[in-house]
Amino acid sequence: MTDPQIPPRKKITLPYLFKKLADGEPITWLTCYDYPTAYLQEQAGIEMILVGDSLGMTMLGYDSTLPVTMEDMIRHTQAVRRGAPTAFVIGDMPYMSYQPSIETAIRNAGRFMAECGCDAIKLEGGAAMADRIRGIVDAGIPAIGHLGLTPQSVSALGGFRVQGKSAVLAKKIVDDAKSLEKAGAFAILLEMVPDRVCKLITERAEGCIIMSLGSGPHAHGQLLIYHDMFGLYPKFKPKMAKVYGNAGEVILNGLKNYQNEVIAKQFPQPENWFGMTDEEYNELEKLVG
Ligand code: KIV
């Protein structure tokens, strides 16, 4: 069912994203992990969708993204693609799907494209991962880099915290961004870096789209984690996330009502079940004796 109010849109492509960059128009990006949510995001006009390995936490209940496998990612990305046929869908490369070697990276990036119909992939890491980005791009696959708070390195980074607050650490992020850009990344996500560091990187980017997650307004576009936007992740709400509606609360209230109504024998009502004609029922009684 499509909303008749919303005109069907053309497929979001790289030239479309770069036109927005050239026109100075912000790009919209959200995470998504399932078909019904992808359907809603498509209807809302969201341009880029990240099937993030954060699904390990938001959908599978792990404490980190590290246990997520390629098979988990493929299954969820396929569902998202079915729900959002025109969005620019990005497959997020899970832990150890690209770190071991350039070849591993190319093969797994290729799976996102061939098995899920992705438009691009994203991977975490700076200069040390630039050769993976180069290999993937040379294989004809658009690639996005991810700097700042990179959850797959949460242990090395000392927890989920802002990155690049000191000049020296910020310089490393600025240099990493240049390495990824030179390696061919068409976009870079900056997660939880100070706004002025994000601004600097955005100003210095040459033909590379800089996206912000909790890194301020100066990037070419914004990303949010869908579950944080709607109160759907029970363990914590990051400071940077804006809550646009408390769907978690709405669902919880509905569940409590259902629980109470079944116990009180108020559910189901006639409109919630199916019947049969007296004639057929009399016949049935004869058949069963
Ligand atoms: O997995 C994910 O959703 C991500 C975001 C945190 C950017 O990589």
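**Exercise 1. Into which domains is the protein divided, and which residues does each cover?**

Solution. Start with the ground rules. This is a predicted model, in which local features need pLDDT of at least 70, side-chain atom pairs count only at pLDDT 80 or more, and totals for chains, interfaces and linings use all residues. Residues are numbered from 1 along each chain as its sequence is written, and side-chain values use heavy atoms, with hydrogens and water left out.

Now the split. Domain 1 covers 14-245 and domain 2 covers 250-288. These bounds come from an automatic or database domain assignment. The C-alpha centres of the two domains lie 46 Å apart.

**Exercise 2. Describe the surroundings of the ligand.**

Solution. Step one: list the neighbours. The ligand has 13 residues around it (a heavy atom within 4 Å). Coming nearest are D53, S54, D92, K122 and L189.

Step two: sort the shell. It holds five nonpolar, four polar and four charged residues. Here Asp, Glu, Lys and Arg count as charged, and Gly counts as polar.

Step three: look for polar contacts (N or O pairs within 3.5 Å). Each of these reaches an oxygen atom of the ligand:

- S54, by a polar side-chain atom at 2.5 Å.
- D53, by a polar side-chain atom at 2.8 Å.
- K122, by a side-chain N or O atom at 2.9 Å.

Step four: check the cover. Alone, the ligand exposes 260 Å², and the protein buries 97% of that (Shrake-Rupley method, 1.4 Å probe).

**Exercise 3. Find where P268 and M192 lie, and describe their backbone.**

Solution. Take P268 first. Its loop runs between helix 11 (247-263) and helix 12 (278-288). Helices here are DSSP runs of H or I with at least four residues, and strands are E runs of at least two. A cis peptide bond joins F267 and P268, with omega about 5°.

Then M192. This residue sits in the loop between strand 6 (187-191) and helix 9 (195-204). Phi of M192 is near 50°, a positive value in a residue other than glycine.

Technical notes:
A polar contact is a pair of N or O atoms within 3.5 Å; within protein, one must be able to donate a hydrogen and the other to accept it, and residues adjacent in sequence count only if both atoms are side-chain atoms.
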